[in-house]
Every structure is written in C-alpha cells, then in structure tokens.
Amino acid sequence: MPLTDEEWEAVKPLVRMGRPKAEVTKERITIRLSHDVVTQFRATGEGWQTRIDAALRQFITEHPLAR
C-alpha cells in the first residue's frame, strides 16, 4: 500500500539516496586521452578512472613542479 503524503513527509528526512558525501571530493573535468590509454585502463575493470587518478598522482609525486 503506497504511503500517504503525510506519511511520506514524515519518512522523507530519514531516506538517503546514493552513497554518503565524501569529506574530500574530486573535481569533475573533461580530459582527452589517447584511445590506447583509455582502452588499457578500461580493460582493468571497474574503478579504472580511480586508477588513472592514482597514476597521475604518482606522476606528480615523482615529478614535482620546480618552485
């Protein structure tokens, strides 16, 4: 039996959709990568974008900007 409007209003604050907000968020950007690079990372399965982030993070750790 569906909820009435009053019941839904009482329950709505308790309903959370999706995963919780992260303390440290990432920035959404558009980036153009070589086809072979994307293909290689996608072939590793779910989480491939996170692995690209890790590879870029490793690069900036190993190649710091000269200040």
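This is a short guided tour of the structure, moving from the whole chain to a pair of helices and then to a pocket.

Begin with the whole model in view, keeping in mind that it is a predicted one. Colour it by secondary structure and you should find 3 helices and 0 strands, which follow one another along the sequence in the pattern α-α-α. Before zooming in, turn the model about to judge its overall extent: the C-alpha atoms fill a box of roughly 60 × 35 × 20 Å when this is taken along the principal axes. The radius of gyration of the protein is 21 Å, whereas a compact globule of 67 residues would have one near 11 Å.

Next, select residues 35-42, which form α2, together with residues 48-62, which form α3. Two packed helices are described by the angle between their axes and the distance between the axes. Here α2 and α3 pack at an angle of about 120 degrees, and their axes lie 8 Å apart, while the crossing in which α2 passes α3 is right-handed.

Now show the side chains where these two helices touch. Which residues of α2 meet α3? On the α2 side they are Val38, Phe41 and Arg42, and they meet Trp48, Arg51, Ile52 and Ala55 in α3. Sorted by class, this contact of α2 with α3 is made of 5 nonpolar and 2 charged residues, with no polar ones.

For the last stop, turn to the empty space beside the atoms. Rolling a probe the size of a water molecule over the atoms shows where empty space is left. The largest pocket has a volume of about 1000 Å³, and to find it you can select Lys26, Glu27, Arg28, Ile29 and Gln49, which, of the 21 residues that line this pocket, lie nearest its centre. The elements that give two or more residues to that lining are α2 and α3, and of the elements it is α3 that gives the most, with 7 residues. If you colour the lining of the largest pocket by class, you will see 9 nonpolar, 4 polar and 8 charged residues.

Note on methods
Residues are numbered from 1 along each chain as its sequence is written. This is a predicted model: local features need pLDDT of at least 70, side-chain atom pairs count only at pLDDT 80 or more; totals for chains, interfaces and linings use all residues. Side-chain values use heavy atoms; hydrogens and water are left out. On a 1 Å grid over the protein atoms alone, a cavity is a set of points where a 1.4 Å probe fits but cannot get out, and a pocket is an open set with protein on both sides within 12 Å along at least five of seven lines; lining residues have an atom within 4 Å of a point. Grid points are joined across faces, edges and corners, and a volume is the space filled by probe spheres set on the points. Helices (H or I, at least four residues) and strands (E, at least two) are DSSP runs, numbered from the N terminus. Ala, Val, Leu, Ile, Met, Phe, Trp, Tyr, Cys and Pro count as nonpolar, Asp, Glu, Lys and Arg as charged, and the others, Gly among them, as polar. Axes are lines fitted to C-alpha atoms, for helices over the stretch in contact, and angles run from 0 to 180 degrees between N-to-C directions. A crossing is left-handed if the near helix is turned anticlockwise from the far one by less than a right angle, and right-handed if clockwise. Contact means heavy atoms within 4.5 Å. The radius of gyration is taken over C-alpha atoms; the globule rule is 2.2 Å times the number of residues to the power 0.38.
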